[in-house]
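Colleague: I am new to this structure. Please show me how to read its features.

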Amino acid sequence: SYVVVTKSPLSGSIACSTAEGYFGPELKSAGYDGIILEGRAPQPVYLSIEDDRVELLSASHLWGKSTRRTEEIIRAEKGNLWIAKETSVASIGPAGEKRAKIASIINDRHRVAARAGVGAVMGSKNLKAIAVRGTQTITVADGTQFVDAVARAWEKFKSTPVIPQTLNNIGTSFLVDLINKCGVLPVNNFQTGVMKKVDKISGEHMAETILKANKGCFACPIACVQMTEVEDPALQGEGEGPEYRTIALIGAACGIDDINAVAKISYLCDDMGIDTLSFGSAVACAMELTEKKIISRKQTGMTLKFGKVPAVLELIEKVAGREGFGDLVAEGGYDLASHFDHPECFIGVKKQGSPAFDPRGIQGLGLDYATSNSGVSHALGYLVTHRILGIRGEIDPLTTEGKALLIKQFQDGSAVFDSAGLCRLLLLGVWIDDIIPMLETATGKSYREEDLLSLGERVWNLERLFNSEAGFSGTDDTLPRRMLEEPMPEGPARGQVCKLEEMLQEYYTIRGWNDQGVPREETKVSLGLA
C-alpha cells in the first residue's frame, strides 16, 4: 500500500487515503520511502521517477484526458527508456484537474486513493501524474526468516473461516448479501438498512454475469481484485470491480438494483478520477432532496430519482467538468445539502459521506465514524469484522458496553498497518502480533505488540492535534441526525438508533483527551508529542 497525506479540501481535516497495486513497491524499488510535493507548477506537469533520475515533464498533452488514457500515453512515452509494463502511474482525471472535492487518484488503471478529495490537491498543483519505475533491489535484514514469517502470517490468514476463498472468488462484493441480511446496508441514502432486490447487485450475481477474472496487487496471494466486463450495449465497458463499498454507495444508497449499471458507473468514475463513495453519497443525497420535492428537475436539469440510472451516468461527466448541477455535486454531499438548507439529508461526518454500513445496527461503528480524524471511514476501525463476520469472537452489535476500548485498539492497530504499508484487508485475519516477525526480520529490530500499538496511538493523536489546529473540536465528533434520532425502520436493527453519547466520553477518557476531544498535556508528553 501507499498513503496520500494532505489537508482535505473536502473536510478541512487531515486526509489519509490509502491505495494498493504496484505504485508503492515501485517507488521503494526506486530508492524512495515517500514524496513531498510543495508549491504549484505554472503549467501542467507530471513527475517522472526512474531510480535517481527524477524529472518534471510537461503534461499539457495529458490535461483533460481520462486516467486510463493518461496511463496509456505515459507508458508509451516511457517505452524506449523503461520496460513499459513495469512503470506504475498514479494520475488524476478531469475531476481532479477541476479540483472537484470528491476527486480521487488512480494508480495502475484501477487502484484508487479515494477519500477526502486528494485528487483535487494534485490538480491544485497542476500535477497530472506521477510515473515511477525502480530497478534497485530491496534488501531486508534476514531474507530467509522474512519469507518464513510472511508464510506463517499467510497460513494464519487462510485459517480465517470463509474469508480467503470468498475474497479470491468474488472479492469484497461477498459482503453485499451478508450486510443486507444484517439490516445495515445504506439503502436509499440510509433511509433503511434492507434492500428488497439485493440479489441483483450481489457478489454472487456479479460472478454469474460480468466477472471475467481475478488478480492481486503486488506480491499478494489473496487476489481479491475482480476484473469485470459489461456486454449490455447500453452500458458496455470493462474494468475492475465494483467492490462492496461501491456497490453499496452507488447501488443500494442510490436505489440502483442493476449490477451492469453499478459496474458502468464505477468504470466511468475511475476514468474521470471520481471517488465512487463520495459521489454515491452526494447523488443519494440529491435523490432524496428531489423525491422530497426540496429541489426540482428545473434545478438539476435531469430526473434524479432513486433507481434511475441515466441521470447518474450524465452526472459523472458533469461533475468531472464542473458543469451545471454537477458543479454543486462536485463539492460533495455536505455542501449540496447545505446549499438547499436541508443538511439532514447529507449522511456523513466532518463533511465526508458515510461509508457502506449503517451504524444504527453496529453501535461501536458509530463511535468509529464520529471520532475518525480523516473523515468517516469504515476502514479505520474495522469493527464490522467482529460481529458481522464473526471474527475474533461474537460481540453483540446493538450494545455499547466495551466498544470505546475496542474502537481505540482497532484505530491504533489500523494506523500500525498503514505505517507498515500493509493492506487493511489483512485485519480480517491477522493482528499486530502476527506481523511482528515480518517487521523484525525486515528491519533487524525487535518489537513488542504494546510498542507498536503505542506507535499507532501516537499517529492517531498527532492527527487529532493537526485537526485541533485546523479548528476541529468535540462538536465535530458526531453523527448525522438520522443515525442519532431516526430509528431503523426494519430488519434486525429495527427500532435502533446509534447511542453515541453512551460511548463518546468514555472513549475520550481512555484516549487521555479532554471533554472536547483534544489530547491532554500529559498524553502528549507520554507519546513524545509535547
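Modeller: What follows goes through sheets, hairpins, a helix contact, two backbone details and a pocket, in a model that is predicted.

Colleague: Let us begin with the six-stranded sheet. In what order do its strands lie?

Modeller: The order is 4-3-8-5-6-7; the sheet is open and its pairing is mixed. Strand 4 (53-58) and strand 7 (111-113) are the edge strands, each pairing on one side only. From one strand to the next the twist averages 20°.

Colleague: How many bridges join strand 5 to strand 8, and in which sense do the two run?

Modeller: Strand 5 (residues 88-91) and strand 8 (residues 127-133) run antiparallel and are joined by four bridges. To find one place along that pairing, look at Val89, which stands opposite Ala131 in strand 8.

Colleague: What should I know about side chains along a strand?

Modeller: In a regular strand the side chains alternate between the two faces of the sheet.

Colleague: Which strands does helix 2 lie across?

Modeller: Helix 2 (residues 67-77) lies across strand 3 (45-50), strand 5, strand 6 (105-107) and strand 8. Its direction is at about 140° to strand 5.

Colleague: Now the hairpins. How many residues lie between strand 3 and strand 4?

Modeller: Two residues separate the strands of that hairpin, and Asp51 there takes a positive phi near 55°. Strand 3 and strand 4 pair over six bridges in the antiparallel sense. Tyr46 has Leu57 in strand 4 as its bridge partner.

Colleague: How many residues lie between strand 1 and strand 2?

Modeller: That hairpin has six residues between its strands, and Gly12 in the turn has a positive phi of about 85°. Strand 1 (residues 2-7) and strand 2 (residues 14-19) run antiparallel, joined by six bridges. Within this pairing, Thr6 stands opposite Ala15 in strand 2.

Colleague: Next, the three-stranded sheet. Which strands stand at its edges?

Modeller: The sheet is open, with the order 9-10-11 and antiparallel pairing. Strand 9 (211-215) and strand 11 (237-240) stand at the edges; each has a single partner strand, so one side of each is left without a neighbour in the sheet. Neighbouring strands are turned by 15° against each other on average, direction ignored.

Colleague: How many bridges pair strand 9 with strand 10?

Modeller: Strand 9 and strand 10 (residues 225-230) pair over four bridges, in the antiparallel sense. One position to look up is Leu211, whose bridge partner in strand 10 is Thr228. Helix 10 packs on this sheet and touches strand 10 and strand 11, with its direction at about 75° to that of strand 11.

Colleague: At what angle do helix 9 and helix 10 pack?

Modeller: Helix 9 (residues 244-252) and helix 10 (residues 259-272) pack at an angle of about 110°, and their axes are 10 Å apart. Angles of 65 to 115 degrees count as roughly perpendicular, so helix 9 is roughly perpendicular to helix 10.

Colleague: Which residues meet there?

Modeller: From helix 9, Thr246, Ile247, Ile250 and Gly251 meet Ile259, Val262, Ile265 and Ser266 of helix 10. By class, the residues of this contact are five nonpolar, three polar and no charged.

Colleague: What can be read from the backbone in the loops?

Modeller: Two places are worth finding. A cis peptide bond joins Gly241 and Pro242, with omega about 15°; Pro242 lies in the loop between strand 11 and helix 9. Ala223 has a positive phi near 55° although it is a residue other than glycine, and it is found in the loop between strand 9 and strand 10.

Colleague: Last, pockets. How is empty space found?

Modeller: Rolling a probe the size of a water molecule over the atoms shows where empty space is left. Here the second largest pocket holds about 370 Å³ of space. It is lined by 16 residues, of which Tyr334, Gly348, Lys350, Lys351 and Thr478 are the closest to its centre.

Colleague: Which classes make up the lining of the second largest pocket?

Modeller: The lining has seven nonpolar, four polar and five charged residues.

How values were computed: Residues are numbered from 1 along each chain as its sequence is written. This is a predicted model: local features need pLDDT of at least 70, side-chain atom pairs count only at pLDDT 80 or more; totals for chains, interfaces and linings use all residues. Side-chain values use heavy atoms; hydrogens and water are left out. Axes are lines fitted to C-alpha atoms, for helices over the stretch in contact, and angles run from 0 to 180 degrees between N-to-C directions. Angles under 35 degrees count as roughly parallel, over 145 as roughly antiparallel, 65 to 115 as roughly perpendicular and the rest as oblique. Contact means heavy atoms within 4.5 Å. Ala, Val, Leu, Ile, Met, Phe, Trp, Tyr, Cys and Pro count as nonpolar, Asp, Glu, Lys and Arg as charged, and the others, Gly among them, as polar. Two strands pair if DSSP finds at least two bridges between them. On a 1 Å grid over the protein atoms alone, a cavity is a set of points where a 1.4 Å probe fits but cannot get out, and a pocket is an open set with protein on both sides within 12 Å along at least five of seven lines; lining residues have an atom within 4 Å of a point. Grid points are joined across faces, edges and corners, and a volume is the space filled by probe spheres set on the points.
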